[in-house]
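Welcome! Open your viewer, get comfortable with the mouse, and follow along from one selection to the next.

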Amino acid sequence: MKHFLLSLLFTVALNSIVNAQTGNISGKITMDNGESVAGAVVNIKSLNKQTITDEKGNYAIKGIAYGSYTLEVGSMEILTKKQQITINKAENTINVSAKAREKSDLQEVTVQGKTEKKKMETSGFAVAIIETKEASLRNLTTNELLDRSVGVRVRQNGGEGSPIEYNLNGMSGSTIGLFLDGIEISTYGSSFNLNNIPPSMIERIEVYKGVLPSHLSGNYIGGAINVIMKKDASANNITASASYGSFNTYRGDISGLYRNPKNGLTVRASGFFSHSDNDYEMWGKFSKYTLPGLKVRRYYRTKRPNDKFETVGGRFEFGFSDVKWADQFFIGYNVSDTYKEIPHGLTMTKPYFGRFNEYQAHVVSLNYSKNNLFVDGLSLNVNAVHSRRSTYLQDTVSLKYNWDGTLLVKNAEGPPETFGYEPGMGQQGEAVISNIDRTISNIRSNLSYMIVSGHRISLNHKFENSDRNDQDLLRPARSKWITLNDLTTNIWAMNYEAEMLKGRLKSNVFGKYAIYQTNQTIPLGETNGVISYNYNSTNRNNQGFGGTLSYEAVNNGFVIVSAEKSFIMPTDRHIYGEPENNLLPNADILPELAINYNVGARYGFQPATKHKINLYGNMFWRNGYDKIIQQTRTDAVIEGRENQVEDIQVTQFVNLSKTQSVGFEAEINYIYDNRLNAMVNFSKFNSLFKVVSDENGNPHSLYNAQVPNEPFFTVNANIQYRFKNIFQKNSNLNVYYNSGYVAPFSTIWIESEWFTTPTQFTHDLGASYRFPSGKLVASLDAKNILNGEIYDNFGVQKPGRAFYIKLNYTINNFK
Amino acid sequence: MRTSFIKTALFGSVLAFSALTGCKKSGDSGEIPVSGPDVWERKFITLTGAFPDAETATAGNGGTMAYAITLAEAANPNFEVNVFSQGYGLRSQRTARVQGSINGNFLYNIQYTGADGGIFNKYKVEGQKNFIDTREEVNTEPILGTSPRWVVAAEGIGVGVSASTKVKTVDNKEGAGAIFENITSTAKIAVINLNDPRVSRQAEFTIPFTEAQTKDGYQIGRIDMPILNAAKTKLFIGCNLSRTDVTKPSTVNNSGAQTWSSAASTLGTVTLVVDYPSLANPKLIYSTQSNFGNNGYRTMIQHLGTDGHIYQGTGVNTTGQPHILRLDKNTNEYDNTYLFDLKTALGASNNVAIRAWRYIKDGIGLVMYTETGVNGGYLALINLTTRTATKLTNVENQTEAGFSGLTAAQNGGTALTGTFSQFQNIGIAGDNFYVPMTPNGLDGNLYIVNYKTGVVTKGAKLKNQSGSFYLGAY
């Protein structure tokens with residue numbers, strides 16, 4: 001089946017390199033009064049080709065097959081205009097004159113973003129594009145935004161800043177790639193990630209399910225989340241926002257862009273700050289109070305302790321945009337710092353006091369992109385990032401506490417006696433003060449060439465080197481005895497994209513080849529102050545291939561198919577473990593193989609003027625072999641820890657012979673007159689246990705049983721309504737309702753109320769008001785308004801009812 | 001289209017309404033369940049079974065199911081039990097050590113890891129899948145950690161224990177090449193009142209080795225299987241005695257922590273003794289008859305005889321041994337004239353390992369054992385007075401490898417965990433032993449052994465599933 005699909009894709013792609021005649025168009029966009037329109041979007045919808053006019057109103061689109069088309073022009077300054085054009089020669093000059101728009105009529109601002117979203121979503125990949133424009137004005141975090149998207153489940157272990165696992169259609173953990181502008185987000189450190197990057201710094205988020213495009217190739221088979229930072233350099237602007245809300249949460253961010261139109265010099269700067277005490281109330285069954293004599297009271301209502309989160313960061317970019325030698329050339333510096341208290345381990349077994357992490361990262365980057373480099377149709381894009389990041393962990397408090405911060409009392413009778421200090425112990429086990437420095441270099445290059453219009457071939461290369469240095473600050477003499485790991489990755493990927501049938505059929509075939517090299521430096525002994533080492537080097541490689549197909553069967557109705565076969569190589573974490581996290585090494589772990597298929601459709605139509613409906617559905621089928629999973633070790637004695645009483649849960653990555661996830665996701669979006677926007681989406685999948693035979697060689701009793709601990713059914717719904725001129729003329733009021741539902745799921749095979757993550761059903765309300773000047777937007781959000789008792793992970797309760805207020809201020813188009 | 005909007009709005013309000021009404025809190029029903037000591041006649045035999053875990057389907061690692069049957073049902077080979085589909089899930093994310101009261105009317109467990117790791121629970125047995133969680137919970141985690149080792153040390157008294165060690169090097173040197181100087185072993189004990197669940201007493205102390213012994217590398221890193229003597233004045237705790245090779249300098253693991261070579265111990269089997277109920281005056285006593293560890297694994301290996309002596313099996317973790325030792329009731333020391341050796345008693349040519357055993361009356365016990373190099377799990381009645389043993393041959397399936405287990409190499413790549421190494425409890429009712437016999441992943445039967453006549457009766461049929469086995473009878 002898979003070979004058939006792939007070869008079909010390939011044949012279609014090849015057959016279409018028939019040399020069709022093409023021409024170019026160029027011209028100028030002006031208003032009625034003759035004034036040129038800068039930054040207008042010029043669009044040939046049927047070909048999905050668009051461009052933006054320069055400051056003089058000029059535009060050019062190349063490589064259009066001969067024929068008749070509708071040219072559509074829109075901008076903030078003019079009313080959208082459509083014009084019929086015919087391409088029948090090599091160069092065609094088409095000037096368009098359009099009506100000026102009234103200043104307050106700002107609805108079409110999102111024209112460009114929508115086309116980009118639609119273009120990607122109909123490219124053939126199972127991809128969802130999340131736009132952040134509106135969310136950035138509200139009290140929403142990037143993770144909340146992701147969680148509302150179809151097929152995405154963000155599982156967070158507590159309040160803001162807590163560890164997160166992303167689940168895309170039933171695939172999770174290390175199978176999901178997290179990228180920032182195509183570079184692994186981990187390069188930017190734990191202090192700059194989806195937990196703290198404000199939506200206002202983000203242009204859009206791309207969520208790829210299963211099949212990844214070649215520019216995101218890596219060690220991922222479950223999909224990827226790619227965060228595209230703001231790139232727009234069209235208009236000078238400064239925006240700032242400040243918010244305050246429940247649990248002493250306050251945030252602020254500011255960003256600005258300046259571009260000199262004469263020489264293209266562009267400066268972009270942004271900064272953010274966020275703080276939350278996360279001291280929300282907990283009252284669920286895992287909220288326990290240990291009475292004197294160690295009897296337990298459950299459903300203990302208390303404020304969540306020791307969960308403070310504070311993060312600050314800045315991003316500065318300096319360079320040139322839209323100059324002769326570069327479309328974009330930027331040198332950037334990214335700095336971030338996070339402080340996070342750790343209130344408990346994976347579960348709420350016991351509270352931790354005084355355990356915390358500090359993350360810091362300094363990142364320099366270089367970004368270069370140029371279309372039509374040397375020759376027409378050749379484009380180059382290089383993104384190089386070098387980072388130094390550090391992770392600091394401290395846990396030196398040995399006293400034993402209750403969740404309310406009082407000390408545990410041993411005895412029920414007599415004068416209360418507490419457990420007292422235990423030298424050398426911390427909250428989770430032995431006392432720890434450690435620091436891990438990582439140096440990461442990451443370069444992603446993409447060279448693509450448009451052979452003829454609609455046919456493009458691209459070459460991608462990714463280089464990554466990471467190097468870590470562990471320091472034991474509590475026992476500094478131990479530091480030099482820690483094994484050093486150095487990992488180098490080279491991935492080559494090639495793809496060929498073709499557009500046929502006047503752009504109605506698009507295909508993309510790709511192949512990937514990766515080499516991973518790990519070098520270990522293992523200290524052996526010391527003679528006269530000189531340490532001798534054992535060097536251990538391993539080399540692994542793998543390859544994968546896949547393809548996508550998109551066919552516009554009817555106007556605005558697309559059939560989308562994608563398939564991929566790829567491997568995941570074990571990472572240094574899988575192989576060497578993480579002693580600081582009680583993760584054991586496993587030298588024998590095998591690579592994981594995945595074969596993914598997606599078949600979907602998108603259809604947008606207008607049953608009547610002012611009514612718009614968009615439908616989306618996708619079926620997915622994911623097959624994993626030798627899946628790498630984290631297993632809890634149960635051995636009576638664990639190698640290297642013979643004398644340790646295993647009070648701490650120790651885990652290890654191992655292979656599970658086969659897994660399968662089959663499911664369906666869908667979304668319906670209804671828009672009325674640009675006022676009402678209602679959306680419902682759901683994702684349902686079966687993650688099945690596929691081990692055929694048990695240790696006796698008999699058919700496995702659990703074959704085809706639903707694998708526990710996967711949130712397999714989620715529904716999101718939201719409604720937004722826009723009131724105009726409601727309090728003041730020229731003002732805009734948006735009201736929002738959002739609801740999220742996650743079906744209950746068991747965390748172990750046995751059905752038990754104690755090991756079931758109960759139904760999560762939340763309702764959020766929000767409103768944002770844009771003052772008539774257009775510069776100030778105020779938002780109010782109420783989350784979990786019914787104060788639902790919600791859990792995500794192993795009984796860790798999440799925040800109840802909460803309120804937030806936010807003010808945004810924007811200055812546009814200053815000179 | 002307006003209707004569509006109305007529908008959407010209706011949907012939203014239905015969602016909201018159902019959330020409002022569905023939010024009722026469960027759990028605190030207010031009624032006080034029957035608890036206290038086990039003062040009733042025996043009505044049931046409870047069978048427990050271990051599930052595989054969720055992520056990897058690792059055998060016997062994903063929680064415990066329980067199902068209670070009557071004595072008549074237990075003796076009926078046509079009666080079928082499937083604890084996995086019919087049973088009640090005891091609260092523990094991973095398979096926990098379950099203990100029972102004397103007449104089987106209560107079960108106790110302490111949850112092993114997970115959100116409630118270290119929490120003690122008590123259940124009243126009401127037949128079939130009906131177990132009443134008495135909700136008398138005790139948090140043993142501050143003393144015993146989230147994966148505690150505990151047993152019923154005497155009827156109504158549970159004891160949990162924990163031990164740890166700390167090495168001192170010359171000049172406190174870190175890393176490889178450090179020279180051993182001394183080692184300290186620490187023990188923690190928590191006494192749990194099972195009749196009115198709470199921690200009634202606790203203690204922490206340094207295990208009293210002599211200075212010469214610790215400098216020689218002797219240490220106890222794990223203790224388990226506490227038992228009280230008949231007079232309830234002394235608590236005897238099994239120990240995993242080990243010894244660092246003090247002549248060899250340290251090496252390091254990946255995280256830079258020191259690791260040490262070990263040397264053979266010549267002290268003999270050792271038991272830690274403390275006064276009860278004070279938990280004071282810790283003392284180590286040594287056996288000259290055996291040199292194996294005696295901290296056991298999943299099942300109680302020390303039993304109080306009707307003669308007042310304590311009989312102590314040997315074996316550490318999953319490794320069983322053939323010896324049973326005697327702790328004298330008069331001196332509270334080892335009776336170093338006494339040794340029961342199962343290998344000798346059976347006249348076996350290979351070494352044999354006691355995986356679980358239970359004392360009933362009159363010096364008679366039932367032993368579940370495996371034999372080196374032989375697949376299968378076997379039963380024998382032993383007479384501790386005459387030091388003789390009789391292998392029970394009337395057990396079907398006993399040669400199955402699923403009892404003794406196979407390594408990955410022996411089993412074509414996937415290790416087969418043996419039921420016997422995980423076994424938790426042999427049931428006793430009247431003159432009979434109750435032993436569920438299911439190889440890993442295969443069906444089996446409950447076997448009833450009359451200690452007086454030695455007659456083996458095949459009882460209820462036990463349906464099994466992959467990666468699972470029946471763990472015990474209570």
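Of the contacts in chain A with a separation of 6 or more, what percentage comes from residues 24 or more positions apart? The share is 64%. Please keep in mind throughout that this is a predicted model.

**Stop one: chain A as a whole**

Select chain A and show it as a cartoon. You can look for five helices and 47 strands. With a radius of gyration of 28 Å, close to the 28 Å that the globule rule gives for 815 residues, chain A is as compact as a globular protein of that length. Now turn the chain around: along its principal axes, the C-alpha trace spans about 95 × 60 × 60 Å. Buried residues make up 44% of the 815 in chain A.

**Stop two: where the chains touch**

Next, show chain B alongside chain A and colour the two separately. How many residues does each chain bring to the contact? Chain A gives 86 residues, and chain B gives 78. On the side of chain A that touches chain B, select strand S36, residues 611-632. This strand supplies five residues, the largest share of that side. Try colouring the chain A side by residue class as well: you should find 44 nonpolar, 27 polar and 15 charged residues.

**Stop three: a loop residue in chain A**

Now zoom in on A:Asn95. Where does this residue sit? Look in the loop between strand S7 (91-93) and strand S8 (96-98) of chain A. Is A:Asn95 fully buried or partly exposed? It counts as partly exposed, because it has 13 C-beta neighbours inside 10 Å. Leaving aside residues up to four places away in sequence, A:Asn95 touches A:Gly27 and A:Lys28. For a sense of scale, add A:Ile225 to your selection: A:Asn95 and A:Ile225 are 130 residues apart in sequence, and their C-alpha atoms are 40 Å apart in space.

**Stop four: a hairpin in chain B**

Finally, move to chain B and select strand S24, residues 352-359. Eight of its eight residues are buried, so S24 of chain B is largely enclosed by the rest of the structure. Add strand S25 of chain B, residues 364-371, to see its antiparallel partner, joined to S24 of chain B by seven bridges. Which residue of S25 in chain B stands opposite B:Val352? Pick B:Glu371 to see the pair. The two strands of chain B, S24 and S25, form a hairpin with four residues between them. End your tour in that turn at B:Asp362, which has a positive phi of about 50°.

Definitions and conventions
Residues numbered from 1 in each chain as written. Chains lettered and ligands numbered in written order. Predicted model: local features only at pLDDT ≥ 70, side-chain atom pairs only at ≥ 80, totals over all residues. Contact = placed C-beta atoms within 7 Å. Nonpolar A, V, L, I, M, F, W, Y, C, P; charged D, E, K, R; others polar. Rg over C-alpha atoms; globule rule 2.2 N^0.38 Å. Buried ≥ 20, exposed ≤ 12 C-beta atoms within 10 Å, placed from the backbone. Pairing = 2+ DSSP bridges.
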